[in-house]
Amino acid sequence: ISIKTMIGSNNTGIIIGVKPFAIYDGDLLKNNFGIQLGYQKRIFKGLFTSLSLELTRIKFTEYDTSDYNSSLEKIKILPSLITSIGYTISLGKTKRIYLNYEVNYYLIDGFRDYYQDNFGFEIDKRLNLTGGLGYRFGSPAKTSFSGIKNITTVPLKP
């Protein structure tokens with residue numbers, strides 16, 4: 001479960017997020033997390049695109065090759081660059097609650113590259129789909145459609 005907020009209006013603004021990583025594989029400990037900072041831009045009626053930098057903090061144990069009883073706890077910060085395109089659907093009369101779907105593509109994925117290089121696991125998930133439920137504190141975005149409007153025309157006289 002990750003937490004992401006967008007500070008702005010009409011699907012345009014600054015993105016701030018936190019993602020916990022619960023990973024354990026011998027030398028990798030469980031308390032790892034990523035911090036996301038980016039910018040989201042509205043294209044039209046709910047459709048948006050974004051570019052984000054994600055810094056993932058991993059904590060691991062490194063053993064001395066000459067003495068396996070000697071170990072040192074280390075921390076690494078791994079950068080990732082993410083581009084996304086998504087759509088927001090407003091719900092309810094006040095349009096404060098919304099559903100958000102986005103396709104993310106990792107242009108640079110420091111966490112997965114590090115994990116693959118150091119632990120030999122093939123992780124090929126540069127493209128992923130995320131969805132979430134959100135709440136707006138500010139003014140609602142224009143992401144829903146009104147009904148069909150009847151237009152009456154009057155013929156012009158020559």
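## A buried glutamate and its surroundings

Let's start with one residue: E102 is buried, because its relative accessible area is 6%, and buried means under 20%. The model you are looking at is predicted, and E102 is a handy place to begin a tour of it, since this residue appears both in a salt bridge and among the residues closest to the centre of the largest pocket.

**Overall layout**

- The protein has 158 residues, and 29% of them are buried.
- Its secondary structure consists of seven strands and one helix.
- If you walk along the chain from the N terminus, you meet the elements in the order β-β-β-β-β-β-α-β.

**How confident is the prediction?**

- Across the protein the mean pLDDT is 78, with 73% of the residues reaching 70 or more.
- Among the elements, β3 has the highest mean pLDDT, at 89, while α1 has the lowest, at 75.

**The largest nonpolar core**

- In soluble globular proteins, nonpolar side chains tend to be buried together.
- Here, the largest nonpolar core has six residues: F21, I58, F60, L78, F111 and Y114.
- Two elements, β4 (47-63) and α1 (110-119), each give two or more residues to this core.

**Salt bridges**

- Side chains of opposite charge can pair when their charged atoms come close.
- How many salt bridges does a search of the whole structure find? The search turns up three.
- In one of them, E102 pairs with K4, with an N to O distance of 2.5 Å. The two partners are 98 residues apart, with E102 in strand β6 (residues 97-109) and K4 in strand β1 (residues 3-9), so this bridge links distant parts of the chain.
- Is K4 buried or exposed? K4 counts as partly exposed, because its relative accessibility is 35%, whereas its partner E102 is buried.
- Another salt bridge joins E54 and K19, whose closest N and O atoms are 2.8 Å apart. E54 belongs to strand β4 and K19 to strand β2 (residues 12-21), so the pair ties together parts that are 35 residues apart in sequence.
- E54 is buried, at 2% relative accessibility, while K19 is partly exposed, with a relative accessible area of 22%.
- R126 and D113 also meet through their side chains in a salt bridge, at 2.8 Å from N to O. R126 sits in the loop between α1 and β7 (127-135) and D113 in helix α1, and the two are 13 residues apart.
- Both residues of this pair count as partly exposed: R126 has a relative accessible area of 25%, and D113 has one of 29%.

**The largest pocket**

- Rolling a probe the size of a water molecule over the atoms shows where empty space is left.
- The volume of the largest pocket is about 1100 Å³. Its lining counts 41 residues, of which K4, T5, Y98, N100 and E102 are the closest to the centre.
- Notice two familiar names there: K4 and E102 are the partners of a salt bridge.
- Which elements each supply at least two residues of the lining of the largest pocket? They are β1, β2, β3 (32-44), β5 (71-91), β6, α1 and β7.
- β7 gives the most to this lining, with seven residues.
- By type, the lining divides into 20 polar, 14 nonpolar and seven charged residues.

Conventions: Residues are numbered from 1 along each chain as its sequence is written. This is a predicted model: local features need pLDDT of at least 70, side-chain atom pairs count only at pLDDT 80 or more; totals for chains, interfaces and linings use all residues. Side-chain values use heavy atoms; hydrogens and water are left out. A nonpolar core is a set of buried Ala, Val, Leu, Ile, Met, Phe, Trp, Tyr and Cys residues joined through side-chain atoms within 4.5 Å. Buried means under 20% relative accessible area, exposed over 50%, partly exposed in between (1.4 Å probe, protein chains only). Helices (H or I, at least four residues) and strands (E, at least two) are DSSP runs, numbered from the N terminus. A salt bridge is a side-chain nitrogen of Lys or Arg within 4 Å of a carboxyl oxygen of Asp or Glu. On a 1 Å grid over the protein atoms alone, a cavity is a set of points where a 1.4 Å probe fits but cannot get out, and a pocket is an open set with protein on both sides within 12 Å along at least five of seven lines; lining residues have an atom within 4 Å of a point. Grid points are joined across faces, edges and corners, and a volume is the space filled by probe spheres set on the points. Ala, Val, Leu, Ile, Met, Phe, Trp, Tyr, Cys and Pro count as nonpolar, Asp, Glu, Lys and Arg as charged, and the others, Gly among them, as polar. pLDDT is the predictor's confidence in each residue, from 0 to 100.
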